[in-house]
Amino acid sequence: MRSFNPAPDIVVFPECSIPIHDLHALRTYAIDTDSVVFAGTHTLRQTDGDRSHYDALDITRKDRKGWNALTGMTVLPVFCGHQSLAHVKAVPSVFEHTDLTVTTRELNTLVPLSLTIRDRTLRVLPVVCAEALQPNAAKSQYDIVVIVAYNDGISPFLPMIQQNSQGQIPVVFC
C-alpha cells in the first residue's frame, strides 16, 4: 500500500480479513499517510491479550464500555490518522445465529462516524455485511457509505448500493 502516491483517502479490507494481531500495521499506515483504514472485521474477544491489543491501538477502555456483553460479536476497526474507532456490527448474519441470539425484524439504526480525512470532515456510514441486507436507517445524515463484506459477489448488496447512489451518496464496497 505504501507504493501508492499519493496515498488513498480511504482503504477498505473485506470482512474477516485482518487478524487482531495485525491491526497495528494498519493503524501505523493510517497515521503515516493520513488515510482512513476500514480494517476488515474480527470476532470480539475479551482475553487479556486481546484487551492489550485494543489498548495498543488506542481503542480506550472508555470506548469499549459495554463490550463484555458483546463477546462473540463482530467488530470493524476504523483508523483515521491518530483516531482509532471500532464499529460493532449490530446485525448478526445467519452464520452467527445461535439459540441465544436475539432476532428481530425491527429497523436497525446505523450510526455514521465523523472522520477528518486530510482536513475534510466526512460523515461515513460503516456497514458490515448483514447490516446491509436487513432493513435499516441511519441515525443522522452521511456523506459516504462503506460496506465491508465477506461475499463472492455484489448482488445481495445492490439494493443498498442503488438506494444510496440514487441519492447521490457514494458507496465503497469491499
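Let us begin inside the fold: the largest nonpolar core of this predicted model has 27 residues, and among them F38, L115, V127 and I147 touch the most other members. Several elements give two or more residues to this core: the strands β2 (36-39), β4 (74-80), β7, β8 and β10 (144-148), together with helix α4 (158-166). The most generous contributor is β10, which gives 5 residues.

V127 is a good place to pause and look around. Leaving aside residues up to four places away in sequence, V127 touches L110, A132 and M160. V127 also touches V145, V146, I147 and V148. The 27-residue core is not the whole story, though, as there is a second, separate core of 18 residues. Members of this second core include A7, F13, Y29 and L44.

Next, follow β4 out of the core and along to its partner. How do β4 and β5 pair, in the parallel or the antiparallel sense? They pair in the antiparallel sense, over 6 bridges, with β5 covering residues 83-88. To find one of these pairings on screen, pick P77, whose bridge partner in β5 is A86. Between the two strands of this hairpin are 2 residues, and G81 in the hairpin takes a positive phi near 60 degrees. While you are looking at strands, it helps to keep a general point in mind: in a regular strand the side chains alternate between the two faces of the sheet.

Now for the charged side chains. Side chains of opposite charge can pair when their charged atoms come close. In this model the count comes to 6 salt bridges, and three of them make a nice short tour.

Start with R118 and D9, whose side chains meet in a salt bridge at 2.1 Å, N to O. This pair links distant parts of the chain, 109 residues apart: R118 sits in the loop between β7 (113-117) and β8 (120-128), while D9 lies in the segment before β1 (10-13). Both ends are partly exposed, R118 with a relative accessible area of 24% and D9 at 30%. D9 has another partner too, since the side chains of R120 and D9 meet in a salt bridge at 2.8 Å, N to O. Here again distant parts of the chain are linked, with R120 in strand β8 lying 111 residues from D9. R120 is partly exposed, with a relative accessible area of 41%.

The third stop has a more local character, as R51 and D48 both lie in helix α2 (residues 48-56), 3 residues apart, or about one turn of the helix. Their side chains meet in a salt bridge at 2.8 Å, N to O. R51 is partly exposed at 26%, whereas D48 is exposed, with a relative accessible area of 61%. Looking back over the tour, salt bridges that share partners join D9, R118 and R120 into one network.

Finally, turn to the cysteines. How many disulfides does the structure hold? The answer is 0. Why does C16 not form one with C129, the closest cysteine by its sulfur? The two sulfurs are 8.5 Å apart, so they are too far from each other for a bond. The surroundings of the two residues are worth a look as well: C16 counts as exposed at 58% relative accessibility, while C129, at 10%, counts as buried.

Terms used:
Residues numbered from 1 in each chain as written. Predicted model: local features only at pLDDT ≥ 70, side-chain atom pairs only at ≥ 80, totals over all residues. Heavy atoms only, no water. Salt bridge = Lys/Arg side-chain N within 4 Å of Asp/Glu carboxyl O. Helix = DSSP H or I, 4+ residues; strand = E, 2+ residues; numbered from the N terminus. Buried < 20%, exposed > 50% of the residue type's maximum accessible area, 1.4 Å probe, protein only. Core = buried A, V, L, I, M, F, W, Y, C linked by side-chain atoms within 4.5 Å. Contact = heavy atoms within 4.5 Å. Pairing = 2+ DSSP bridges. Disulfide = S-S within 2.5 Å.
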